[in-house]
Amino acid sequence: MNYVQRIIKQICEEKNIEFNLVSKDWIMVLNKNKKIRCISGYKFGLNNQSSSIICDDKYALYDTLKLLNIPIIEHKIVFRNYDKKEVEEFFNKYNRNIVVKSNTGTCGLDIYHVERIEDLFKNIDSLLINNFSISLCPFYNIKNEYRTIILDGNIELFYGKKRPIVYGDGIKTIKELLCDFNYNYFSKINDSKLNRVLNKGEKYMYSWQHNLSRGSIPFEETNENLKDNIQSLAIKAFNLLDLRFASVDIIELASGEILILEINSGVMIDKYAKYMKNGEEICKKIYSKAIDLMFK
């Protein structure tokens, strides 16, 4: 039983809801007064099927929000019978600096930052073995990434994601500095490359991605104007897609522009719960509200 399942089980015990796990522990079956509701992974069964499918396909989300005039990062879809010349033209258009990713991937998996033509086709072909389609995106100069959790039009949680970037002091190794940044994650990483001592002031970026599952940490944004703008964009996209429970990820570029990165119909906040003060209590409260709505 994973972290989220344990929280859901606790909620069910408190609400006198029968809780069962089926399908190799992937499906949670909730039974209250003979009314059955199911949770699949992180999906709570509140969103309609078409909205969920759009969110789960990165290119479909891009194409839909672009039509609705919502600012979102650029995508180009690539199928198995793709035209190499066309792909190379896209690569050159964005100064040979793009991202190649699965259309349905999560947690920062199946995603590559590509700057060499040989890596471009190698990564595309590798992803297309197990994916019907993939997406190409320009590599954006991202200052910060933010997540907004929304339930029935109400913002339940908002936080930023800080990448694992450290600066040398001439004494500590990269791993020691990274452990100071995020001990829970980096204390478990064994990589000889991290044994080097950085020069004083030398910058080291462990990952260009902002995923909490890959070493980043959550933080509270203090710029209220920026916060309002991001939340307004998140709510607008959420409502246009007729969603009920989702997380909206938005990036702030170095230029100050804000763009939708992705929208997740499955709400993952377990990593946040582990890092933040009262995080588990916050997580439990949000999931508890969602379960109440499932039975209404």
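This is a guided tour of a predicted model, with a suggestion at each stop of what to select and a description of what is there.

**The whole chain**

Begin with the entire chain in a cartoon view, where 10 helices and 14 strands can be traced. The radius of gyration is 20 Å, close to the 19 Å that the globule rule gives for 296 residues, so the chain is as compact as a globular protein of that length. If you turn the C-alpha trace along its principal axes, it spans about 60 × 50 × 45 Å. Buried residues make up 48% of the 296 residues, and, among contacts with a separation of 6 or more, 64% join residues that are 24 or more positions apart.

Switching to a surface view, you are looking at about 15,200 Å² of exposed area, of which carbon and sulfur atoms supply 47%. Colouring by charge brings up 43 positive and 38 negative side chains, and the centres of these two sets lie 3 Å apart.

**Strand β5 and its two partners**

Next, select residues 98-102, which form strand β5; 5 of its 5 residues are buried, so the strand is largely enclosed by the rest of the structure. Showing the side chains lets you follow both faces, with I98, V100 and S102 on one side and V99 and K101 on the other, and each of these residues is buried.

Add residues 111-114, strand β6, which pairs with β5 in the antiparallel sense over 4 bridges; within this pairing, I98 stands opposite V114. Then add β7, which is also antiparallel to β5 and is joined to β5 by 5 bridges, with V99 standing opposite C137.

**C137 in strand β7**

Stay with C137, which belongs to strand β7, residues 133-138. Is C137 buried or exposed? Its relative accessibility is 2%, and because buried means under 20%, C137 counts as buried. Leaving out residues up to four places away in sequence, C137 touches I73, E74, H75, F90, I98, V99 and K101, so a selection of these residues shows its surroundings, in the sense of heavy atoms within 4.5 Å. For a distance to draw in the viewer, take the C-alpha atoms of C137 and Y59, which are 78 residues apart along the chain and separated by 9.9 Å.

**The hairpin of β8 and β9**

Move on to strand β8, residues 142-151, and strand β9, residues 154-162, which pair in the antiparallel sense over 7 bridges. A useful pair to label here is Y146 and, opposite it in β9, G160. The hairpin has 2 residues between the strands, and D152 takes a positive phi near 50°.

Strand β9 has a further pairing, in the antiparallel sense and over 3 bridges, with strand β12, residues 217-219. To find the place, select K161, which stands opposite P218 in β12.

**N182, between two helices**

From β12, go to N182, in the loop between α6 (174-181) and α7 (183-186). What is the relative accessibility of N182? The value is 3%, and N182 counts as buried. Beyond its neighbours within four places in sequence, N182 is in contact with G215, S216, I217 and Y275; I217 falls in the residue range 217-219 of β12.

**L259 in strand β14**

Now select residues 258-264, strand β14, in which L259 is found. With a relative accessibility of 6%, L259 counts as buried. Its contacts, apart from neighbours within four places in sequence, are P71, I72, I73, Y140, D249, I250, I251 and L253. I73 appears in this list and also among the residues that C137 touches, and selecting I73 therefore links this stop to the earlier one, given that contact means heavy atoms within 4.5 Å. For a second distance to draw, L259 and Y287 are 28 residues apart in sequence and 27 Å apart in space, C-alpha to C-alpha.

**S52 in helix α2**

Finish with helix α2, residues 49-56, and pick out S52 within it. S52 is buried, with a relative accessible area of 14%. Setting aside neighbours within four places in sequence, the contacts of S52 are with N47 and S265.

Notes: Residues numbered from 1 in each chain as written. Predicted model: local features only at pLDDT ≥ 70, side-chain atom pairs only at ≥ 80, totals over all residues. Heavy atoms only, no water. Buried < 20%, exposed > 50% of the residue type's maximum accessible area, 1.4 Å probe, protein only. Pairing = 2+ DSSP bridges. Rg over C-alpha atoms; globule rule 2.2 N^0.38 Å. Areas by Shrake-Rupley, 256 points an atom, 1.4 Å probe, with all protein chains shown as cover. Lys, Arg positive; Asp, Glu negative; His and termini not counted. Charge placed at Lys NZ, Arg CZ, Asp CG, Glu CD.
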